[in-house]
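User: I'm new to reading protein models and I'd like a close look at just one part of this one. Please explain any special terms as you go.

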Amino acid sequence: MARLTSESAYQVVVVGAGPVGLATAVGLARRGIRVGVVEAALGVSHGSRAICVSRHSLEVLDRLGAGQAVEDHALPWTVGRSFFRDHEVLAFEMPEAEHDTHPPMVNISQSVLEQLLVDTAEATPGVELLWGVRLADVKCTEDSAVVSVDTSSGMHRIPADWVVAADGARSDTRRLLGLSMRGTSYEGRYVIADIHWPASLPTGRRVWFDPDSSPGSTIIMHRQPGDIWRIDYQLRPDEDTEAELAPERIRERVTRHLAWLGIDSPWTLEWSSLYRAHSLSLDDYVHDRVLFAGDAAHLVPIFGVRGLNSGLEDADTLAWQLAAVVHGTAEARLLTAYSAERRAAWAQNIAAAEKSTRIMSPEGTGFPLTRDALLALSVHHPEFRPLIDPRQTSATHAFTSPLTWPPAALGDGLAPGSPLADQAVTLPGGRPSTLFAHLGSGFAVIGVDVGEAELAPISARLADAFAPEPVQTVVAGRGGIELADAALGSPGDVLVVRPDRLVLCRVSEQDRDRLADLASALVRGTAPGKPARLDSAEPPESPGERVWLSLSAALDETPDPTAFLTRLALVLGSWVDGATFAQALESSGR
């Protein structure tokens, strides 16, 4: 454990030693930046908190040197099941192919993940962890910052070039700077309980809506390593929060649910907490010399497990961009791209997470009515089941980033701004490897059936502009690596991939001369030529989603839902033949 002295100074001070702060610190230090991490607590957190780590996050952790340790401690899973009372209404399986290098999701307690990242940080030259150090003030000048902290030995002032605020949902940094997040907070409350319970049930996501063990509630169960089970259950509006958080009350409710499942083996309560869903964000993640990441910058509902995973994406992007600015190889304007990209990523996450929340914790008049109707219909009508899918987290794109090049007329392959996925590859000579292991830790210039001699000048310009960030030149096909899965582009295409494994650009052979401007534009925080495309390319809502969302909103606005639904049924009935309407009535379970 490092100790503060009057001589302590860092290029970057990271506030908060949670997963996002630690990942940012390690990512910076691996790029030669001296980092101090200040944390008010004396050690890592207790309890499960965020437990689901996605395949994409495992790739981020690989780049920090912690991925294998996390996988060694975690439990992989692919299957989720949802029940309406005692009827299964949904079973989903996350994609997993032979060429994938990681499982789609693993479960690991946040406290364990934090300890593994602490171990990684302590083994990384350039990182100093300062425990029991509470943030008291942050002051910025044009070219530096001063962080004032309260310690057991009194107040200290720590000079730094930049400050990263990764101090969570109740961020002291945000409060001290007078900043507020905007968006939506939901009223639904969930009690979270970790229990030690040696059980042989398989790892996976299980959800019960309105079970007999807790009528009117929703219950979620996840298995964790070490015989720890995470149980979340929703409180009804008429239930008192303080009373429901009493340990004896939690034991009573968990016992009732396990008994309903036909399980009476002994267990112990290890930890508990309360959760409410929020869709909130700062308008900007860069304020003078302070950059915000993770829950300090944005909050997303827990449903779909996007919080921790989006925070690790923040850290992955921020580390290479901030390091380039600290080294003086890029202008500070590059950090405006960080803010734009990660706030757009928050919006992508919210687009899916809010739909999940309206299933898991519906509010108002319309959404509870339609959610219950969807569940009841899903028992016998599979076509309604996709609407209750949890919409699990996935890697976000950077289509609208100021750094992303506008796509030219390209054929099949990765669009600029797409996240690159790792996969199995065969190296020249027949040796097996993975794409990301071959790309290394920095930029990559990939030619599809393009020789290394043609790629070398592009790589050299990037290497000169962003030293010491490494640049790897890769030939795909034509004597180079062989991919196990989909092609990256058409023959003759060149892709430039960022250190956070987003595709910066993809150009065809006819457009390759534009790559001469790549490095100089990137250090200015822009794309060469015309700005990146403005469309987000979000998947359109399905017809079922449109019906569900519009009907729910209409029910929220009417004072008499029964009369409204009767009128709606009569109008719809007048648009179809009598036999079709009669069949619809029968299918609705009248």
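Where does R391 lie?

Analyst: R391 sits in the loop between α10 and β20 (424-426). Those names come from DSSP runs: a helix is a run of H or I with at least four residues, a strand is a run of E with at least two, and both are numbered from the N terminus. Before going further, keep in mind that this is a predicted model, so local features need pLDDT of at least 70 and side-chain atom pairs need pLDDT 80 or more, while totals for chains, interfaces and linings use all residues. Residues are numbered from 1 along each chain as its sequence is written, and side-chain values use heavy atoms, with hydrogens and water left out.

Back to R391. Its phi is near 55 degrees, which is a positive value in a residue other than glycine. With 12% relative accessibility, R391 counts as buried. Here buried means under 20% relative accessible area, exposed means over 50%, and partly exposed is in between, using a 1.4 Å probe and protein chains only.

R391 isn't alone in having a positive phi. R85, in the loop between β5 (79-84) and β6 (87-93), has phi near 60 degrees and isn't a glycine either. R85 comes out as partly exposed, because its relative accessibility is 38%. Just after α16 there's also G589, with a positive phi of about 75 degrees. At the N-terminal end of α16 (residues 578-587), D577 acts as a cap, with a side-chain oxygen 3.1 Å from the backbone nitrogen of A579.

Now for the helix on one side of the R391 loop. Helix α10 (residues 366-378) has an axis that comes within 8 Å of the axis of α9, and the two cross at roughly 80 degrees. That crossing makes α9 roughly perpendicular to α10. Axes are lines fitted to C-alpha atoms, for helices over the stretch in contact, and angles run from 0 to 180 degrees between N-to-C directions. An angle under 35 degrees is roughly parallel, over 145 is roughly antiparallel, 65 to 115 is roughly perpendicular, and the rest are oblique.

Which residues do the meeting? On the α9 side they are R358, I359 and M360, and on the α10 side F367, R371 and L374. Sorted by class, this contact has four nonpolar, no polar and two charged residues. The classes work like this: Ala, Val, Leu, Ile, Met, Phe, Trp, Tyr, Cys and Pro are nonpolar, Asp, Glu, Lys and Arg are charged, and the others, Gly among them, are polar.

R371 deserves a stop of its own. R371 belongs to helix α10, and it counts as buried because its relative accessibility is 9%. Leaving out residues up to four places away in sequence, R371 touches F209, T218, R358, I359, M360 and P362. Touching, or contact, means heavy atoms within 4.5 Å.

Helix α9 (334-360) also leads us to another helix, α12, since α9 is among the elements covering the buried residues of α12. The cover also includes α8 (307-326), β22 (443-448), β23 (471-476), β25 (494-497) and α13 (518-523). The buried residues themselves are L455, I458, S459, L462, A465 and F466. A handy rule for reading a list like that: an α-helix has 3.6 residues a turn, so residues three or four places apart point the same way.

You can check the length of α12 (residues 452-466) too. The expected span of a helix is 1.5 Å times one less than its number of residues. For the 15 residues of α12 that gives 21 Å, and the end C-alpha atoms are 20 Å apart, which agrees. Past this helix, P468 lies in the loop between α12 and β23, and the peptide bond from A467 to P468 is cis, with omega near 10 degrees.

For one last loop, try S265, between α7 (247-260) and β16 (268-281). S265 counts as partly exposed because its relative accessibility is 27%. Its side chain makes a polar contact with the side chain of W197, at 2.7 Å. A polar contact is a pair of N or O atoms within 3.5 Å; within protein, one must be able to donate a hydrogen and the other to accept it, and residues adjacent in sequence count only if both atoms are side-chain atoms.
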